[in-house]
Every structure is written in structure tokens, then in C-alpha cells.
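Please look over the sequence and the structure below before reading on. The report then goes through the model part by part.

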Amino acid sequence: MKGTAGKAYFCPRCHSPAVSFTQLEGVSDSPASCSACHWRGGKKDLVVTAYQHDMGSEDEVLTRFVRDFRNLMGQPAIALPIAQWLNKWGFLPNDPSQQHKVLARYITAVAKGAITAVLQTREELEKDRVNVS
Ligand SMILES: [Zn+2]
């Protein structure tokens with residue numbers, strides 16, 4: 001595998017890669033914050049994943065990674081069955097004028113949850129790999 005090895009940090013609340021932190025020597029945790037949703041916390045709270053790529057800067061790659069998935073979730077072939085499933089189980093309002101808005105929030109939530117799950121699984125896989133070798 002060729003490319004640049006990097007470590008990606010995501011906001012634990014909104015999963016934006018627009019997080020900043022300062023690494024302080026001899027301190028167990030550093031303050032971190034997200035410029036997208038104004039979350040504040042510690043560096044240890046950030047969702048972190050290692051990755052390899054051969055395109056652009058790290059920020060660029062991460063923004064594309066998240067945007068790619070959100071676009072995927074918005075496609076009718078994916079969003080429509082999810083809408084039908086939510087509707088079947090009574091998660092969507094009866095008022096058609098409200099349905100789209102509520103559905104958009106669910107789709108965004110599903111995308112966030114899925115991105116978190118993917119990143120956490122990636123982290124677990126990395127740990128397994130390091131522990132085995
Ligand atoms: Zn955030």
C-alpha cells in the first residue's frame with residue numbers, strides 16, 4: 001500500500017474533522033475543540049483513526065471522507081428504504097409538510113452514527129493488528 005500514513009481526528013459530537021488541539025508535553029490530556037459545532041473537551045475524547053491515502057492534505061481528505069458518506073446517505077436508493085422503514089415503525093409524522101424535515105434529521109443522525117461506528121471499528125482493527133504482530 002502506497003500513500004501517506006496519517007492519523008485522523010474527528011469531533012465526537014458532529015464528526016467534523018475541523019478539530020484543533022495542542023499537544024502538551026507531560027500532560028495526560030490536552031484541551032481540544034471543534035470549530036464546526038463548538039464542542040469543547042479533551043484530546044482523549046476525539047474519535048481517532050489511522051488511515052493511508054494518496055490524495056491532498058489531511059484536512060482535505062477527511063472533509064471528503066465525511067462528505068462522501070453524507071452524499072451516499074442522501075441518495076434515493078439509500079434514503080428511500082430508510083424513510084419507508086422509519087415510516088412503517090411510526091418514526092415519521094403524518095403531516096407531509098413535516099416529513100421531509102424530520103427525515104433529513106434522521107438521515108443525518110444515521111450518517112453520524114455510521115461514521116462513528118466505521119471509525120471505531122477501524123480503530124479496533126488497528127489495535128488488533130498491533131497486538132497480533
Ligand atoms: Zn463538532
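The sections below cover the overall layout, the sheet, the nonpolar core, two loop residues and a pair of helices.

## Overall layout

This is a predicted model. The protein contains three helices and five strands. Along the sequence, these elements follow the pattern β-β-β-β-β-α-α-α.

The protein has 133 residues, and 8% of them count as buried. Contacts between residues at least 6 apart in sequence can be sorted by how far apart the partners are; 51% of them join residues at least 24 apart.

## The three-stranded sheet

Strands E2, E3 and E4 form an open sheet, in the order E2-E3-E4, with antiparallel pairing. Strand E2 (19-21) and strand E4 (40-42) are at the edges; each has a single partner strand, so one side of each has no neighbour in the sheet. From one strand to the next, the twist averages 30 degrees.

The pairing can be followed bridge by bridge. E2 and E3 run antiparallel and are joined by three bridges. In one of the pairs, Phe 21 has Ala 32 of E3 as its bridge partner. On the other side, strand E3 (residues 31-34) pairs with E4, also over three bridges and in the antiparallel sense. Here Ala 32 stands opposite Gly 41 of E4, and Ser 33 has Arg 40 of E4 as its bridge partner.

## The two faces of E3

In a regular strand, side chains alternate between the two faces of the sheet. Which residues of E3 lie on the covered face, and which on the uncovered one? Ala 32 and Cys 34 belong to the covered face of E3, while Pro 31 and Ser 33 belong to the uncovered face.

Both residues of the covered face, Ala 32 and Cys 34, appear again in the largest nonpolar core.

## The nonpolar core

The largest nonpolar core has eight residues: Ala 8, Tyr 9, Phe 10, Cys 11, Val 19, Ala 32, Cys 34 and Leu 62. E1 and E3 each supply at least two residues of this core. E1 provides the largest share, three residues.

One of the core members, Ala 8, lies in strand E1 (residues 4-10). Why does Ala 8 count as buried? The cut-off for a buried residue is 20 or more other C-beta atoms within 10 Å, and Ala 8 has 20, so Ala 8 is buried. Ala 8 and Ala 50 are 42 residues apart along the chain, but their C-alpha atoms are separated by 6.0 Å. Leu 62, another member of the core, is in contact with Ala 8 and Pro 17, leaving aside its neighbours within four places in sequence.

## Two histidines with positive phi

His 15 is in the loop between E1 and E2. Its phi is near 65 degrees, a positive value in a residue other than glycine. His 38 is in the loop between E3 and E4, and this residue, although not a glycine, has a positive phi of about 65 degrees. E3 and E4 form a hairpin with five residues between them, and His 38 is in the turn.

Which of these residues is buried, and which is exposed? His 15 has 24 other C-beta atoms within 10 Å, so His 15 is buried. His 38 has 10 other C-beta atoms within 10 Å, and a residue with 12 or fewer counts as exposed, so His 38 is exposed.

## Helices H2 and H3

Helix H2 (residues 76-88) and helix H3 (residues 96-132) have axes that come within 11 Å and cross at roughly 110 degrees. Angles of 65 to 115 degrees count as roughly perpendicular, and H2 and H3 are therefore roughly perpendicular to each other. Their crossing is right-handed.

Which residues make the contact between H2 and H3? From H2, the residues are Ala 79, Ile 82, Ala 83 and Leu 86. From H3, the residues are Leu 103, Tyr 106, Ile 107 and Val 110.

Conventions. Residues are numbered from 1 along each chain as its sequence is written. This is a predicted model: local features need pLDDT of at least 70, side-chain atom pairs count only at pLDDT 80 or more; totals for chains, interfaces and linings use all residues. Two strands pair if DSSP finds at least two bridges between them. Helices (H or I, at least four residues) and strands (E, at least two) are DSSP runs, numbered from the N terminus. Axes are lines fitted to C-alpha atoms, for helices over the stretch in contact, and angles run from 0 to 180 degrees between N-to-C directions. A nonpolar core is a set of buried Ala, Val, Leu, Ile, Met, Phe, Trp, Tyr and Cys residues joined through C-beta atoms within 7 Å. Two residues are in contact if their C-beta atoms, placed from the backbone, lie within 7 Å. Angles under 35 degrees count as roughly parallel, over 145 as roughly antiparallel, 65 to 115 as roughly perpendicular and the rest as oblique. A crossing is left-handed if the near helix is turned anticlockwise from the far one by less than a right angle, and right-handed if clockwise.
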